[in-house]
Amino acid sequence: MTARPNIVLIQADQLAAAALGAYGNAVVRSPHLDALAADGITFDRAYCNSPLCAPSRASMMTGQLPSQIGAYDNGADFPASVPTFAHHLRSAGYATTLVGRMHFIGPDQLHGFEERLTTDVYPAGLDMVPDWDLPGEERLPWYHEAGSVFTAGTSRATVQQDFDDEVLFRSLRHLNDRARADDGRPFLLVSSFIHPHDPYEPPVEHWNRYEGIEIDDPRVTLEDLGTLDPHSARLQQMSGFDVKVPDADQVRRARRAYYACVSYVDDHVGKIVQRLEDLGLRDDTVVIVTSDHGDMLGERGLWYKMSPFEQSSRVPLIVNAPTRFAARRVADPVSLIDVLPTLVELAGGEPVAGPGRSLVGGLEDERPVLIEYLAEGTTRPQVTVVRGRHKYVQCPGDPDQLYDVVADPHELVDLAGDPAHAGLLGELRAEVAARYDLSGLERDVRQSQARRRVVHRALATGRATDWDHQPPVRADYVRGDFWSALERGRLPGPEGETGSVRATRASAS
């Protein structure tokens, strides 16, 4: 075991913690992820800091809240001048590589990574800028749309399958490259997949794993609630679920397809871990698994993300390094802004000031988790505070919400109007007031939206230049001396043979 471990961070997209066996789901088939949890550190209450792709990922990368870096939504550029964990580990002597999805918006598509081996599956431009002045009934063309639920089912090939298969291939080959490397550097590899993000279109093989298995229904239906809170009602309207409601069979079919997509990601995770084993790298590598946010999957009549409720905002977070850390489960609330200080401590770097904390040691100090939503589906800043067993949601113009997520994990009982919780409600309101100037934040978000709309219109006029990352052509096949190139690319097989390609060729002749 080396002092400074290799680190492999695997991130899925839209993978809810509640959709894994390790977190209590009895239907889904996720044996590889469950195995990592079984002998790793499993955080039972890990949250994203924004239930939306780009701001969540920018927040995780920087250890800062979205509002602190202006990464408000999926059309907000991520400033190149903000240090990320890739910058910190690269400065500490790590080889830093990104493979797959990270939804960086703006011209910097590396953000500290020394190399990026694929492009992204989504565009890097200012294509998805919300408009908080737009009436709720008016839809922008890139909004989530209800059709993904009604058309859920198998596909032999999709854009997302093509992308994730490439991410897996590039990740496995990069691990070969690191085993061949003679530079003495530990490495950080981030492998980031788009599944199980909608549309729910798994391969046939993974769909068939659920044949004959009873798919669970949502625990909380619209009938259970009676009425929706205003934010949930806006999300329903935005995606079209207010006028087109899936029946029970359609809901089960979509959930089955989502679970099959989870199994597809699980297979990819298993192959990455197996490659580490095969190359003799496993004992010196910390494997971390997480997601950028969850998926409501029909709970409360909602789908996709963008909600502060548990199914949308709670994510898996598993840290697996059996030679370093004993297996345990952690009940304290943590969040993705804790990833940066954790990686920096693992790498032996100097502590980085910020709102997050390292998860390597114990969590002696209780810190509230903050979740921000500043994108489409609202017109005012929504801030959520998770403190201990309670979750408090505040959005100007909407009624406050307060839940005891330990006693009431499905968030059925809103305690905000309960006189017995008036003192707690006052404390949490004061917590938000101490941390935020919500009127100032609303002004900043609206001004940012207006500026970006001007820039987007201009950049779409005339000759357009994409910011998408185009990976360079590899120069590691046969170039120059034939035998040296073959020798350079060779890794010994499992029998441990030591003969060189040149020697083998000479003896054969």
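This report walks through the cores, one helix, some backbone features and a surface patch of a predicted model.

Residues are numbered from 1 along each chain as its sequence is written, and side-chain values use heavy atoms, leaving out hydrogens and water. Because the model is predicted, local features need pLDDT of at least 70 and side-chain atom pairs count only at pLDDT 80 or more, while totals for chains, interfaces and linings use all residues.

**The cores**

Let us start inside. A nonpolar core is a set of buried Ala, Val, Leu, Ile, Met, Phe, Trp, Tyr and Cys residues joined through side-chain atoms within 4.5 Å. Buried means under 20% relative accessible area, exposed means over 50%, and partly exposed is in between (1.4 Å probe, protein chains only). The largest such core has 76 residues, and Ile10, Phe187 and Trp303 are among those with the most contacts inside it. Helix H10 (residues 248-278) supplies the largest share of this core, 13 residues. Helices (H or I, at least four residues) and strands (E, at least two) are DSSP runs, numbered from the N terminus. Another core, of 40 residues, lies apart from it and includes Val82, Val319, Leu336 and Leu359.

Phenylalanine 187 touches residues including Asn6, Tyr94, Arg178 and Leu281, not counting residues up to four places away in sequence. Contact here means heavy atoms within 4.5 Å.

**Helix H9**

In helix H9 (residues 230-239), the buried residues are His231, Ser232, Leu235, Gln236, Met238 and Ser239. They lie on the same side of H9 because they cover an arc of only 165° around the axis, taken from the directions from the helix axis to the C-beta atoms. These buried residues pack against helix H8 (222-225), strand E12 (369-373) and strand E13 (382-387).

**Backbone features**

Here are two cis peptide bonds and two positive phi angles.

| Place | Feature | Value |
|---|---|---|
| Histidine 195 to proline 196 | cis peptide bond | omega near 5° |
| Aspartate 198 to proline 199 | cis peptide bond | omega about 5° |
| Leucine 297 | positive phi, not a glycine | about 50° |
| Tyrosine 304 | positive phi, not a glycine | about 70° |

Proline 196 belongs to strand E6 (residues 187-196), whereas proline 199 sits in the loop between E6 and helix H7 (204-208). Leucine 297 is in the loop between strand E7 (285-291) and helix H11 (310-313), and tyrosine 304 is in the loop between E7 and H11. Leucine 297 counts as buried because its relative accessibility is 1%; tyrosine 304 is buried at 0%.

**Out at the surface**

Phenylalanine 482 lies in helix H15 (residues 482-488). With 43% relative accessibility, phenylalanine 482 counts as partly exposed.
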